Amino acid sequence: MIAGVRLVSAVTLWLAAMMLTACSDKPAGDALVIYTSRGDELIKPLFDQYTAETGVEIRYTTDADAALITRLDAEGAASPADLLMTVDAGNLWLAAEKNLLQPVKSQALETAVPANLRDPQDRWFGVTVRARTIVYSSDRVNPETLSSYAALAEPQWKGRLCLRTSKKVYNQSLVATMIERLGAEQTEQIVKGWVDNLATDVFSNDNSLMQAIVAGQCDVGIVNTYYFGRLKAASPDAPISLFWANQNSSGVHVNISGVGLTTHASHPEKAIAFMEWMLTPAAQSFLANGNKEFPANPTVEPSAEIAAWGEFRADDLNVAVAGHRQAEAVMLMDRAGYR
Ligand code: FE
């Protein structure tokens, strides 16, 4: 009995050791090492394709954004990671702020990524683009009554608005952008108005928010476009539609998924070559279409499915503002009672 337990523990320890080895806790040799918060089904085929084209082996570790940033920070110079691939400029900005990323001078990246979708100090670059915009019940809302994020604070939306939690970086980035565009005072009034208009408690994710609109619990909300795309792919007849916010003012709030070279990268040339490859048309289409996003490289067309959502004007502020004003946005939302 005891011997059996010992055997199990030994096997468990050996398995645990093998798993660590398979991830990243030993020198990676020649392989390029990537820490990423992106879904396995999205990135594994991309990495496999790159290896097939170039012979460069890629090892990767997936985890939540915050966990990866904490891990990079804790590992310091011993980190095996060459690249951090994550979502939201707020996260990339934070990693750069903690000196976990280093500047990359690359003509290919400068040409492929519009200036507002990359770090002004070249420590991270947008790879794909998502918009965070308004969704509404196609049964109960006339889109002519919609205009801006700010207008969702008006009395006509009392008891009709659904929002995701303010703890999510996506909303922190949106509010950070509003502070930049409208000033803190006006933004706080708007956020208070949103809170007053809530139909129900805030949601933990964009999908349950949209389900609440479909179910009739509320009539309008704010979500990232790819979640809308996923819902429509699964349920084409769901009575919910997209509305491009702020078309008569600053444009729709856009954010990125992006990549940065780690400060202690062991394979910087290989890492930069891979970054540049991700901005080429084939890789852009694969990445953008795989998650129903827009390519960051403006010479690459979005998929027909995404193009069908219609043309829109995007806010051209540098997405780094999501980081610069993140702390301010968090405090403002707290003061406004947005949980
Ligand atoms: Fe997301």
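## Two helices, each with a buried side

Let's start with helix α8, which runs over residues 206-215: its buried residues are Asp206, Leu209, Met210, Ala212 and Ile213. They span an arc of only 150° around the axis, so they sit on the same side of α8. Keep in mind that this is a predicted model.

Why would residues that are not neighbours in sequence face one way? An α-helix has 3.6 residues a turn, so residues three or four places apart point the same way.

What covers that buried side? For the buried residues of α8, the cover includes β5 (125-137), β6 (161-162), β7 (220-224), α9 (225-234) and β8 (240-243).

Now look at the ends of α8. At the N-terminal end, Asn205 acts as a cap, with a side-chain oxygen 3.1 Å from the backbone nitrogen of Asn207. After the helix comes Gly216, with a positive phi near 90°.

Helix α3 (residues 65-75) can be read in a similar way. Here Asp65, Leu68, Ile69 and Leu72 are buried. Their arc around the axis is only 100°, which puts them on the same side of α3. Flip to the other side of α3 and you'll find Ala66, Thr70 and Ala74, which are exposed. Elements covering the buried residues of α3 include β1 (32-36), β2 (58-62), β3 (83-87), α4 (89-97) and β9 (253-262).

Just past α3 sits Gly76, whose phi is positive, about 55°.

Here are the two helices side by side:

| Helix | Arc of buried residues | Glycine after the helix and its phi |
|---|---|---|
| α8 (residues 206-215) | 150° | Gly216, near 90° |
| α3 (residues 65-75) | 100° | Gly76, about 55° |

Methods
Residues numbered from 1 in each chain as written. Predicted model: local features only at pLDDT ≥ 70, side-chain atom pairs only at ≥ 80, totals over all residues. Heavy atoms only, no water. Buried < 20%, exposed > 50% of the residue type's maximum accessible area, 1.4 Å probe, protein only. Helix = DSSP H or I, 4+ residues; strand = E, 2+ residues; numbered from the N terminus. Arc of directions from axis to C-beta. Contact = heavy atoms within 4.5 Å. Polar contact = N/O pair within 3.5 Å; in protein donor to acceptor, adjacent residues only side chain to side chain.
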